[in-house]
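Visitor: I would like a close look at a single part of this chain. Please pick one residue and work outward from there.

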Amino acid sequence: METAAGSPEVVAQEAARPTLLVVEDDAAMRRMIEEVLSGAPAEVVAVESSQAALDYLEGHDVAVVVTDLRMPRVGGLEVLRFARRRSSLTQVILLTGHATVESAVDALKNGAYDYLKKPFEPDDLRRIAGHALEYWQLNRENLRLREANRAWAGSEGLVGKNPAIEQVRRTVRAAAGYDCCVLITGESGTGKEVVAHLIHAASARREGRFVALNCAAIPENVIE
């Protein structure tokens with residue numbers, strides 16, 4: 001295994017940096033791809049066989065895989081399928097010197113992020129890999145927000161069991177069942193935004209974004 005910026009152990013220590021895995025059995029091409037992607041905001045790890053890629057994917061979280069399509073024993077499509085089974089967040093870019101419409105369609109059907117024909121322009125690979133990393137980041141953040149939403153809804157976000165709190169909980173559940181605007185009033189610090197979060201988390205729109213807008217901080221002639 002070769003790496004452009006450290007070993008797999010280094011990747012594990014730098015958890016904040018996403019991993020970009022390069023799978024290429026041709027040594028010269030592998031080194032060229034590593035060099036092209038060396039400036040990406042990720043830890044680049046390169047392996048020389050599809051089996052080594054499967055082994056690496058088994059034990060590591062990978063943001064983006066750049067893999068050759070045709071390789072001995074296990075091809076790039078199998079690497080793609082395995083990576084996507086391991087994590088639906090992982091984005092896979094397929095490279096091939098034998099591009100056909102059928103292989104491109106097959107790759108996209110199996111969830112490939114993109115498909116690039118050899119020889120390719122370095123800037124094209126750099127751009128596509130950069131976009132794939134951004135897409136991975138957006139999907140990961142979206143998943144985190146959904147999980148936070150579910151946790152919020154499950155905890156109901158309110159502390160206490162007195163009659164007043166129980167009445168607020170009942171009101172929140174009732175309001176969440178309607179497709180309408182809800183006006184929440186109360187003094188500063190009483191938890192109006194908490195109640196708004198709870199209504200959103202319990203509503204049919206819970207998979208969408210919750211956006212809190214501080215109207216007091218926006219000039220009156222701009223707020224509309």
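Guide: Leu69 is buried, because its relative accessible area is 13%, and buried means under 20%. Keep in mind that this is a predicted model.

Where does Leu69 lie? Leu69 sits in the loop between β4 and α4. What is Leu69 in contact with, leaving aside its neighbours within four places in sequence? Start with Gly75, Gly76 and Leu77. Then add Leu94, Leu95 and Thr96. Ser103 and Tyr115 complete the list. Now look at Val23. Leu69 and Val23 are 46 residues apart along the chain. Their C-alpha atoms are separated by 9.3 Å.

Next, step back from Leu69 into the strand before the loop. Strand β4 covers residues 64-68 and is mostly covered. Five of its five residues are buried. Follow the directions of the residues. Val64, Val66 and Asp68 point one way from β4. Val65 and Thr67 point the other way.

β4 has partners. It pairs with β2 in the parallel sense, over four bridges. In that pairing, Val22 stands opposite Val66 in β4. β4 also pairs with β5, again in the parallel sense, over five bridges. Here Thr67 stands opposite Leu94 in β5. Asp68 stands opposite Leu95 in β5. Both Leu94 and Leu95 are among the contacts of Leu69.

How does the chain get from β4 to β5? The chain crosses through α4. This β-α-β crossover is right-handed.

Now take β5 itself. β5 is mostly covered, with six of its six residues buried. Gln91, Ile93 and Leu95 point one way from β5. Val92, Leu94 and Thr96 point the other way. β5 also runs parallel to strand β6, residues 114-117, and four bridges join them. In this pairing, Ile93 stands opposite Asp114 in β6.

Turn to α4, the helix on the other side of the loop. Its buried residues are Gly76, Leu77, Val79, Leu80, Phe82 and Ala83. Gly76 and Leu77 are also contacts of Leu69. What covers the buried residues of α4? The cover includes α3, β4, β5 and α5.

Val79 deserves a stop. Not counting residues up to four places away in sequence, Val79 touches Ser50, Ala53, Leu54 and Leu57. Val79 also touches Val65, Thr67 and Met71. Two of these, Val65 and Thr67, point the same way from β4, described above as the other way.

These pieces meet in a nonpolar core. The largest nonpolar core has 24 residues. Which of them touch the most other members? They are Leu21, Val23, Leu57, Val65, Val79 and Leu94. Several elements give two or more residues to this core: β2 (19-23), β3 (43-47), α3 (50-59), α4 (76-86), β5 (91-96) and α5 (101-109). α4 gives the most, with five residues. A second, separate core has 23 residues. That second core includes Ile33, Ala40, Val44 and Phe120.

Now move to another part of the chain, the largest pocket. About 630 Å³ of space lies in this pocket. Its lining has 24 residues. Val182, Ala196, His200, Phe210 and Val211 lie nearest its centre. α7 (163-176) and α8 (192-202) each supply at least two residues of this lining. α8 gives the most, with four residues.

Finally, set Leu69 within the whole chain. The secondary structure comes to nine helices and six strands. The protein chain has 224 residues, and buried residues make up 34% of them. Look at the contacts with a separation of 6 or more: residues 24 or more positions apart account for 62% of them. Return once more to where the tour began. Leu69 is a buried residue, and its loop lies between β4 and α4.

Key:
Residues numbered from 1 in each chain as written. Predicted model: local features only at pLDDT ≥ 70, side-chain atom pairs only at ≥ 80, totals over all residues. Heavy atoms only, no water. Core = buried A, V, L, I, M, F, W, Y, C linked by side-chain atoms within 4.5 Å. Buried < 20%, exposed > 50% of the residue type's maximum accessible area, 1.4 Å probe, protein only. Contact = heavy atoms within 4.5 Å. Pairing = 2+ DSSP bridges. Right-handed = clockwise from strand over helix to strand, strands pointing away. 1 Å grid on protein atoms, 1.4 Å probe; cavity = no way out; pocket = protein on both sides within 12 Å on 5 of 7 lines; lining within 4 Å. Points joined across faces, edges and corners; volume = space filled by probe spheres on them.
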